[in-house]
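Ready for a few exercises with worked solutions? Have the sequence and the 3D view side by side, try each task yourself, and then read the steps.

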Amino acid sequence: MEILVCVKRVPDTAENEFELNSVGNDLDRDDLVFSVNEWDNYAVEEAIQIVDNVGGSVTVVTVGDDESEEVLRREMAMGANNGVLLSDDAFEGSDGKGIASILKAEVEKGSYDLILAGAQADEGAGQVAGMLAAMLDLPYASLVNKVEVGEGKVTVGREIEGGNQEMNEIDLPCVLSIQTGINEPRYVGIRGIRKVAKVEIPVRSASDLGVDAAVIGDANAKVKRVDYFVPDLGEGAEMLEGSTDEIIATLIEKLKSKGGL
Amino acid sequence: MTQIFAYIPHQGGVAADISFEFPEAAKKLDAAATLTAVVTGSGADLDKVANSLTSLYAEVIKIDNEALAYPNGEVVRKALVNVLDANAIVLAAHDTFGMDLCPGLSIKMDSAYVADVVEFEGVDGSLLKTVRQELGGAVSTHVTCDIAAGAVITIRPGAFAPVEAGQSGAVADKSADAGDLAGKRRFLEIVEAEVGDVDITKSDVLVSVGRGIEEEDNIEIAQELAEAMHAVVSCSRPIVDAKWLEKSRQVGTSGLTVKPKVYMAMGISGSFQHMGGVKGNPFIVAVNKNPKAPIFQVADVGIVEDILEFMPELTEKVKSL
Amino acid sequence: MSSLIGPASFKIFGFFPAAVLSVLIPVVGVGLFAYIMARRLAPLVRAAPDNRLNRIPERIKNLLVLWLAQYRQPRYRTAGILHIVIFAGFLVLSIRSTSLVLVGVSDGFVLPGFDGVIGHIYNFFKDYAATAVFVACVVAAVRRGIIKPKRYSVPVQYGKDHTAEAVFVLGIICTLMISESLFEASNAAFEMAQTGHSEFLAPLSLGWIFRGMLMDLSQSTLQGLHITMFFVHDLTFFFFLCFLPMGKHFHVITSFFNVFFMRVDKGNIKPVQYGVTDEELDELESFGVKKLEDFTWKHMLDFYSCADCGRCSDQCPANAAGRPLSPRFITIKARDLMFDNYPMSGDIYKSKMLVEDIYTEDEIWSCTTCGACEQECPLGIEYIDKMVDLRRGMVDEGMVPQSLQKPLKALEKRGNPYGTMEKKRADWAKDKEFAAECAVKDLGNGDTADTLFFVDSITSFDDNIQEIARRTSKILTKAGVDFGILGKAEKDSGNEVVRFGEEMLYQDLKSHNTEEIMASGVKSIVTADPHAYNALKNDYTGLPPVRHISEVIAEKIRSGALMLKPALHPEKVYVYHDPCYLGRHNDVYEDPREALDAIDGLTRVELEKSRDRSFCCGGGGLMLFFEPEEEIRMGVLRVNMAAEAGANVIVTACPFCLVNIQDAIKVAGQEGKIEALDLTELIEEHLA
């Protein structure tokens with residue numbers, strides 16, 4: 001089975017404390033550390049496990065700048081066979097639809113039975129996989145937490161509300177967005193990354209891909225992030241005092257406004 | 001005139017809570033727009049939902065088809081593309097079905113897509129300004145969306161105030177317009193979560209208990225509060241060590257990392273190891289007997305009380321709401 | 001004729017010379033033994049290299065102390081004394097057994113030099129040696145077979161009970177003792193009957209008793225017994241020799257070598273591969289131990305040498321807490337695998353991944369590397385290096401629990417396991433009250449100082465533990481030490497990173513810290529974290545001298561630079577808990593105690609398990625992030641021990657011990673009854 005996994009380099013929520021820059025309209029990016037989007041890591045592990053069972057190969061692809069190569073190498077150190085970097089100045093500022101269009105061009109260059117992506121990213125909208133599927137007219141399932149490969153089809157479980165699992169049967173080829181917890185991604189250390197440090201990773205530009213210039217880049221993005229801001233949060237706890245009844249009344253008001261009730 | 005359609009999720013003949021929130025969201029999006037509810041499904045359950053919606057929406061479109069009996073993103077998408085106007089604005093819930101349906105729907109309707117919106121800040125020309133949260137809720141962003149050719153927007157459940165019933169709308173049956181609904185994805189079954197198998201990482205509200213709970217039997221008190229708040233009980237390590245709760249309930253660096261919206265820290269001192277598992281900048285309410293408990297440094301609201309007395313009273317009040 | 005016919009001249013059935021058998025049995029026995037040993041050596045030849053021919057004087061000292069003097073044996077009194085008797089008996093009797101083999105071809109043969117007074121003296125001791133060994137074996141057999149101390153039992157997940165083998169071998173030894181004595185006594189009884197006196201037999205020895213019992217027997221019976229007992233001894237002797245390499249009694253042969261080759265360093269971790277420098281690590285195809293043959297030859301020799309005494313597991317805190325780890329079976333399972341994969345005849349089997357085949361992942365991650373097992377083993381068997389090698393193999397294969405992947409990634413990205421930003425590393429020193437009282441120089445910002453205070457991650461970032469950093473700073477200031485910290489330039493020492501098998505990450509941390517420390521120009525290093533202390537002292541190379549704060553405190557008290565007030569709480573009972581990485585791994589036992597005792601009027605008791613038998617609190621560093629299956633937390637066991645000792649304050653000198661014990665006090669329900677303190681806190685409070 002030929003599997004393509006779409007991955008993304010993101011600021012790591014576990015290793016960063018996000019603060020705004022001095023102007024207050026963007027993240028303070030000086031000290032940010034990046035890593036592969038957590039959900040994508042599960043998708044790659046799933047792909048590797050599928051290939052271990054039924055044969056084939058895993059290709060990881062990302063749309064990004066030169067630094068995105070780092071996450072491709074990390075996923076290749078995990079066991080992905082190939083990496084492809086889709087990089088072009090023209091891609092910058094693309095919205096979800098733009099990114100999906102770029103990926104679609106890459107998908108059409110190969111012959112994949114299964115396309116996986118993380119269900120969402122910490123700084124994203126969980127949109128690209130579903131868009132890509134629609135553009136390719138392939139069936140799609142989101143939030144997948146179980147995959148069983150069958151003959152010309154896969155049986156997938158989707159994680160739905162209440163911790164329940166919705167089982168579906170999908171014809172191949174298809175696109176799946178993978179939820180965390182589907183497996184236990186293997187560890188990749190510095191040594192693993194160094195082992196694949198010299199592997200050639202092809203870089204494809206807009207013209208290599210033949211992607212339609214009218215859908216990519218900032219100019220063609222219908223959806224744009226304008227700025228970042230932090231909703232007001234005070235220092236330390238606001239101590240509620242008074243009788244228990246008063247405290248509870250105040251607390252309930254606060255909980256209501258914060259979505260706790 | 002802008003047309004907004006609200007896609008209504010429902011189960012067992014009852015519309016989801018968010019059906020009360022779409023009208024408010026639509027008003028904030030564009031007060032001048034018309035709002036129509038769209039509901040898909042099959043049979044009596046669908047009729048029941050569609051009829052119930054007439055008290056909230058002036059117009060309710062129902063699409064009845066056996067293929068729609070269980071929500072399937074691919075099939076619902078086909079139906080919506082066939083029934084809705086190409087330039088429509090579609091609102092849906094940012095839930096597990098909305099995430100399945102909407103990205104693809106935006107492609108097929110050739111419109112913009114914005115996900116998980118928590119606030120609308122008006123339309124300037126054809127540019128709609130929305131508010132989203134990113135990076136696990138650590139920061140918010142303003143996102144603009146060109147709605148000239150329509151848009152698909154999912155809103156976060158609970159982000160918009162629910163409206164009171166006050167309409168007397170009508171149901172329009174558009175089942176005939178749904179077209180061919182054959183798909184390549186087939187629903188098989190629902191595998192129910194095992195009893196007691198609660199995923200605390202997926203809950204928006206956590207009632208988290210620590211050593212202050214004192215005895216195993218008192219877990220019940222926290223459980224009652226959690227039920228009243230539609231929340232889930234989580235805990236700190238000593239509670240798991242004492243085997244009062246399962247390991248799957250433990251928050252902390254050695255337990256699970258949670259990203260709730262509201263974190264009720266009940267009798268939790270707030271150790272570094274524990275708070276390391278609380279991410280996403282939730283609203284933290286701390287109740288602790290000890291006024292010097294470090295939890296009060298990181299909490300938003302602090303209350304110095306014995307949780308064993310405080311929780312039952314709070315439960316009472318919440319229930320009576 | 002005053003003697004029976006010896007085996008060399010005896011004719012079986014009157015015509016067959018017994019001497020033929022006397023030649024045949026040793027020839028076949030030795031030949032078979034040589035073959036068995038050659039097969040047993042086969043895996044060692046294929047094993048990874050190991051450097052064990054350095055530091056010969058220390059190795060000879062180990063031989064004299066641990067092997068010959070059996071120094072560690074009496075740590076378990078009864079078993080130890082029994083073993084010493086049997087061991088000493090074997091040493092004495094080895095001469096007799098050798099000469100007895102030769103008696104089979106030459107009647108009355110004595111080894112050169114043993115024909116005069118020396119021979120008589122030797123015989124006197126030999127008689128008692130045989131008797132003592134016999135008695136010791138009977139007692140040992142009763143212990144193993146009837147009393148059954150818990151330490152020897154085999155938990156069901158580790159296979160069948162080992163009692164039968166143990167008792168069988170004790171039986172063999174008894175047979176040797178009895179046959180040797182009967183051989184001699186039968187002749188002596190005959191001599192007595194003939195001449196009224198016989199060869200001297202030590203009174204109350206086995207031979208002496210047997211002679212008395214045989215006195216009335218006829219010559220032919222005695223003659224038959226004499227020859228029979230000779231061959232019983234001869235056959236048993238060579239059977240035993242060939243049987244030794246088949247099980248736990250292989251240690252009779254290997255212990256000498258195992259002790260000679262045992263580790264002579266403390267606290268350090270073996271290189272990934274001997275002969276491969278840190279710079280050449282990238283060229284290695286594979287890391288760590290994945291298959292049997294990846295172990296070094298010495299580690300394989302360890303497996304052969306284990307006597308199955310169970311002391312390691314009896315001391316192992318992981319085993320006590322019900323984690324899926326028992327060091328004894330780390331060894332036994334590997335030995336069984338070696339026996340299976342390298343059979344006595346036929347093809348050698350291809351080995352599989354050890355973790356999967358004989359070990360489980362949890363088993364290998366359960367070890368806190370506290371070193372209690374190694375400290376106890378009378379044979380010098382190693383565990384920590386094996387655990388680390390197995391973990392290196394697992395890390396290389398990506399088999400790392402999710403709970404450990406988080407902190408490892410944070411260490412890679414941020415230099416600390418919590419993922420907190422580097423620039424916040426010195427925030428503990430910014431506490432307003434503290435900063436007003438004590439200014440801490442930041443050597444990363446261009447300040448200079450004589451001494452570096454290496455804070456390490458937990459003390460830098462954990463809100464409660466930061467207090468140790470502040471107290472340490474105040475003590476150093478009071479003692480007049482010119483010190484500074486590296487601030488954001490410091491990264492985690494990596495003590496647990498290397499011990500959890502993430503070698504390359506450790507290498508990065510080590511080179512970064514080494515560079516920063518050397519650039520700071522300090523002349524000495526002090527730390528309050530024994531894990532950092534151990535890493536900087538034993539794992540890093542080329543640094544200025546490193547000391548733990550307890551050593552500095554003790555020295556400054558002795559010199560008078562630090563003066564202490566009388567005990568603030570004379571009513572409390574204090575107990576000192578030895579942190580593994582301060583005590584066992586670095587031999588710092590007395591300085592912290594000296595510091596406590598320097599407080600006038602402070603009541604201090606000792607834990608039963610203290611100093612080199614200290615019981616691990618649950619482990620430090622990355623161990624805090626790992627969630628093993630266990631029945632009870634090690635810390636809780638430790639707190640209970642303190643309660644039994646009658647203490648209400650547990651003083652320790654390690655941030656991880658403090659975290660674990662503080663947590664354990666709550667879990668054990670001892671809150672309000674027992675408290676835990678770091679040494680720095682106690683001392684700082686008592687600064688005059």
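**Exercise 1. Find out why strand E16 of chain B counts as largely enclosed.**

Step 1. Count the buried residues: 5 of the 5 in strand E16 (residues 283-287) of chain B are buried, so the strand is largely enclosed by the rest of the structure. Buried here means that 20 or more other C-beta atoms lie within 10 Å of a residue's own; with 12 or fewer it is exposed, in between it is partly exposed, and the C-beta atoms are placed from the backbone. Strands (E, at least two residues) and helices (H or I, at least four) are DSSP runs, numbered from the N terminus.

Before you go on, two notes on the model. It is a predicted one, where local features need pLDDT of at least 70 and side-chain atom pairs count only at pLDDT 80 or more, while totals for chains, interfaces and linings use all residues. Residues are numbered from 1 along each chain as its sequence is written, and chains are lettered from A and ligands numbered from 1 in the order in which they are written.

Step 2. Look at the two faces of E16(B). On one side sit Phe283(B), Val285(B) and Val287(B), on the other Ile284(B) and Ala286(B), and all are buried.

Step 3. Now look for strand partners; two strands pair if DSSP finds at least two bridges between them. Strand E15 (residues 262-266) of chain B runs parallel to E16(B), joined by 5 bridges, and Met266(B) has Val287(B) as its bridge partner. E16(B) also pairs with E17(B) in the parallel sense, over 3 bridges. There, Val287(B) stands opposite Ile303(B).

**Exercise 2. Which strand of chain A pairs with strand E17 of chain B?**

Step 1. Follow E17(B), residues 301-303, across to chain A: strand E13 (residues 238-239) of chain A pairs with it in the parallel sense over 2 bridges. Glu238(A) stands opposite Val301(B).

Step 2. Widen the view to the whole contact. In all, 66 residues of chain B are in contact with 61 residues of chain A, contact meaning that C-beta atoms, placed from the backbone, lie within 7 Å. Chain B's side of it has 31 nonpolar, 13 polar and 22 charged residues. For these classes, Ala, Val, Leu, Ile, Met, Phe, Trp, Tyr, Cys and Pro count as nonpolar, Asp, Glu, Lys and Arg as charged, and the others, Gly among them, as polar.

**Exercise 3. Describe chain B as a whole, then pick out another buried strand.**

Step 1. Chain B has 9 helices and 17 strands. Of its 321 residues, 55% count as buried. Its C-alpha trace spans about 65 × 45 × 40 Å along its principal axes.

Step 2. Split the chain using its domain assignment, which gives domain 1 (3-178) and domain 2 (200-319); such bounds come from an automatic or database assignment. The two domain centres, taken over C-alpha atoms, are 35 Å apart.

Step 3. Go to strand E14 (residues 232-235) of chain B. Val232(B) and Ser234(B) point one way, Val233(B) and Cys235(B) the other, and all are buried. Strand E13 (residues 205-209) of chain B runs parallel to E14(B), with 4 bridges between them; one pair of partners is Leu206(B) and Val232(B).

**Exercise 4. How many residues does chain C give to its contact with chain A?**

Step 1. Chain C gives 21 residues, and chain A gives 15.

Step 2. Ask where they sit: helix H16 (384-396), helix H17 (402-414) and helix H22 (503-520) of chain C each give two or more residues. H17(C) gives the most, with 7 residues.

Step 3. Sort chain C's side by class: 8 nonpolar, 4 polar and 9 charged.

**Exercise 5. Check the span of helix H4 of chain C.**

Step 1. The expected span is 1.5 Å times one less than the number of residues. For the 31 residues of H4(C) (residues 117-147) that comes to 45 Å; the end C-alpha atoms are 43 Å apart, which agrees.

Step 2. See which residues of H4(C) are buried: among them are Asn123(C), Ala130(C), Phe134(C) and Cys137(C). The cover over the buried residues includes helix H3 (77-103), helix H5 (163-195) and helix H6 (206-214) of chain C.

Step 3. Look just past the end: H4(C) is followed by Lys148(C), whose phi is positive, near 50°.

Technical notes:
Contact = placed C-beta atoms within 7 Å.
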